[in-house]
Structure formats: C-alpha cells, structure tokens
Amino acid sequence: MSDKSTFNKCRDALQQGIYAVINPFVRLLIKIGVTPNIVTTIGLLGNAAATAVLIYATMQLVKSGPDFSMLTIAGILIIGFSLFDMLDGQVARLGNMASTFGALYDSVLDRYCEMLTLGGIAFYLLGMGSIWGALITFLALIGSVMVSYVRARAEGLDIECKVGLMQRPERVVVTAIALIAAGIARETMVLIVAMAIIAVLANLTAFWRVAHCHRQLARKNNTANKTL
C-alpha cells in the first residue's frame with residue numbers, strides 16, 4: 001500500500017482543520033504561560049479520571065447493579081481530555097517550546113493514557129462477568145502499545161513509520177464513542193465490539209508497520225550495496 005494513502009491524506013486534512021479551530025485557544029494558553037508539558041500532564045490526569053469512573057462503576061456493581069451512565073461519563077472524559085494530546089503539540093510548535101524531552105514525555109504519557117483507559121474497560125467488563133470481553137480488551141491494549149512501539153523503533157532506525165488504519169487518534173475516538181454509546185444503549189456488547197475492532201486493526205497495523213520497515217530497510221541495504 002502507498003505510504004500516503006487516501007485514508008492518510010483525509011486524516012491529515014481533518015487534523016489540519018482541527019488545528020485551525022483550536023489554534024486561538026492554543027495561543028491563549030501560550031499567552032498565560034502554559035507549557036506543553038503542563039498540557040500533556042492535564043491530559044493524563046483526565047484519562048486517569050475516566051479510569052477512576054470505570055473502576056467506581058465496577059465496584060458499584062455488587063451494591064446496586066450496573067450504572068451505565070458511568071460509561072457515558074468515562075467516554076466524555078476520554079474524548080475531552082484526549083484533545084490535550086493535540087493541544088500540547090500545537091502549544092510546542094506555536095510557542096516555540098518544542099524539545100526532545102517534551103516529545104519523550106508526550107509519548108510516554110500517551111502510553112499511560114491508553115493503558116489506564118483500556119485497563120479500566122477490561123476491569124469493568126470482568127466485573128460485568130464478561131471474561132471474553134476483558135480478554136478482547138487486553139488484546140486491544142497489546143495492539144495499541146505495539147503500534148506505538150514499532151513506530152518508535154522505526155524512528156530510531158531513521159525510518160518514518162506512520163502507516164496503518166488504527167493509530168492513536170482513531171483508537172481514542174473508537175474507545176470514547178463506544179463508551180458513550182454503551183452507556184446510552186445500556187449494552188456492554190457495544191463496548192466489546194469496539195474493543196474487538198481495535199484489537200484486530202491495531203494488531204494488523206503493528207504487523208503492517210513491521211512489513212513497512214522491512215521494505216524500507218531492504219531498500220536502504222540495496223542502495224548501500226549499489227554504491228559499494
């Protein structure tokens with residue numbers, strides 16, 4: 001597949017549109033002295049709050065049965081605070097505050113956000129008695145981590161690796177919408193199906209990226225051999 005597929009072009013266009021909307025707010029944050037790392041930390045705390053809601057909902061199952069409104073609240077928190085994942089980068093760029101440590105800090109906290117939220121969902125599904133749902137969510141978590149890990153390793157080898165259908169923004173949107181929908185519909189199967197979609201597509205994306213790196217490295221080796 002082309003490294004710059006129609007999907008990725010549409011995704012980039014959507015991202016630029018979102019930036020155009022949030023840039024005035026970004027400039028306000030810069031003006032009042034908010035740094036990219038503060039924005040990143042706020043995003044983590046918001047996702048941690050969503051996980052706490054899921055844990056609370058699970059603990060309440062024994063006392064009063066399922067409270068599906070908790071799922072909706074968790075979904076809203078995830079989608080709301082995950083916007084900070086876009087804000088921190090824009091604050092860094094527009095405020096000339098980009099740094100190597102900031103990029104590392106952002107990447108590490110992104111992983112924590114996903115592990116917290118997906119771990120919270122797995123815990124909730126276990127509490128609901130859905131062992132298979134929790135297992136599927138665990139596979140979604142593995143795929144999510146591996147997508148990011150392969151990209152990090154690729155960039156360490158000087159290979160751009162952004163191919164795939166289930167990158168972090170897509171995973172966040174699917175997770176948040178699924179939680180909100182499951183809360184409104186009062187049906188955990190909606191959440192399990194969403195986790196299955198992430199599990200399949202994220203793991204496929206991870207292997208897709210491995211194959212992409214293999215091609216790029218082979219191309220570099222062939223070029224190097226020709227110059228000898």
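**Exercise 1. Phe 68**

Decide from its relative accessibility whether Phe 68 is buried or exposed, then place Phe 68 in the fold.

*Solution.*
- Step 1. Phe 68 has 8% relative accessibility and counts as buried. The cut-offs are: buried under 20% relative accessible area, exposed over 50%, partly exposed in between (1.4 Å probe, protein chains only).
- Step 2. Know the model. It is predicted, so local features need pLDDT of at least 70 and side-chain atom pairs count only at pLDDT 80 or more, while totals for chains, interfaces and linings use all residues. Residues are numbered from 1 along each chain as its sequence is written, and side-chain values use heavy atoms, with hydrogens and water left out.
- Step 3. Place the residue. Phe 68 sits in the loop between H2 and H3. Helices (H or I, at least four residues) are DSSP runs, numbered from the N terminus.
- Step 4. List the partners, setting aside neighbours within four places in sequence. Phe 68 is in contact (heavy atoms within 4.5 Å) with Tyr 124, Met 128, Ala 182, Gly 183, Arg 186, Glu 187 and Thr 188.
- Step 5. Check a spacing. From Phe 68 to Ala 57 the C-alpha distance is 8.2 Å, with their positions 11 residues apart in sequence.

**Exercise 2. H2 against H3**

Find the angle at which the axes of H2 and H3 cross, and state which residues make the contact.

*Solution.*
- Step 1. Two packed helices are described by the angle between their axes and the distance between the axes.
- Step 2. Set up the axes. They are lines fitted to C-alpha atoms, for helices over the stretch in contact; angles run from 0 to 180 degrees between N-to-C directions.
- Step 3. Read the values. The axes of H2 and helix H3 (residues 69-82) cross at roughly 170° and come within 8 Å.
- Step 4. Classify. H2 is therefore roughly antiparallel to H3. The bins are: under 35 degrees roughly parallel, over 145 roughly antiparallel, 65 to 115 roughly perpendicular, the rest oblique.
- Step 5. Name the residues. H2 contributes Ile 42, Gly 43, Gly 46, Asn 47, Ala 49, Ala 50, Val 53, Leu 54, Tyr 56 and Ala 57. H3 contributes Met 70, Leu 71, Ile 73, Ala 74, Leu 77, Ile 78, Phe 81 and Ser 82.
- Step 6. Sort by class. This contact of H2 with H3 has 14 nonpolar residues, four polar and no charged ones. Ala, Val, Leu, Ile, Met, Phe, Trp, Tyr, Cys and Pro count as nonpolar, Asp, Glu, Lys and Arg as charged, and the others, Gly among them, as polar.

**Exercise 3. H2 against H4**

Repeat the analysis for H2 and H4, then look at burial in H4.

*Solution.*
- Step 1. The axes of helix H2 (residues 36-64) and helix H4 (residues 84-94) cross at roughly 175° and come within 8 Å.
- Step 2. H2 and H4 are therefore roughly antiparallel to each other.
- Step 3. On H2, the contact uses Pro 36, Val 39, Thr 40, Ile 42 and Gly 43. On H4, the contact uses Phe 84, Leu 87, Asp 88, Val 91 and Ala 92.
- Step 4. These residues split into seven nonpolar, two polar and one charged.
- Step 5. H4 is mostly covered, with eight of its 11 residues buried.
- Step 6. Take two examples from H4. Met 86 lies in H4 and is buried at 18% relative accessible area. Gln 90 also lies in H4 and is buried at 7%.
- Step 7. Leave aside neighbours within four places in sequence. Gln 90 is then in contact with Tyr 19, Ile 22, Asn 23, Val 26 and Gly 95. Met 86 and Val 26 are 60 residues apart along the chain, with C-alpha atoms separated by 9.9 Å.

**Exercise 4. An aromatic pair**

How many aromatic pairs are there by the ring rule?

*Solution.*
- Step 1. The rule: rings of Phe, Tyr and Trp (its six-membered ring) pair if their centres lie within 6.5 Å; planes under 30 degrees apart are stacked, over 60 edge-to-face, the rest tilted.
- Step 2. The count is one aromatic pair.
- Step 3. The ring centres of Phe 101 and Tyr 105 are 5.8 Å apart and the planes are at 25°, so the pair is stacked.
- Step 4. Phe 101 and Tyr 105 are four residues apart in helix H5 (residues 100-127), so about one helical turn separates them.
- Step 5. Tyr 105 is partly exposed, at 23% relative accessible area.

**Exercise 5. Positive phi**

Where are Asn 96 and Asp 158 found?

*Solution.*
- Step 1. Most residues other than glycine have a negative phi.
- Step 2. Asn 96 has a positive phi, near 55°. Asn 96 is in the loop between H4 and H5 and is exposed at 71% relative accessibility.
- Step 3. Asp 158 has a positive phi of about 65°. Asp 158 is in the loop between H6 and helix H7 (168-185) and is exposed at 65%.

Note on methods:
Helices (H or I, at least four residues) and strands (E, at least two) are DSSP runs, numbered from the N terminus.
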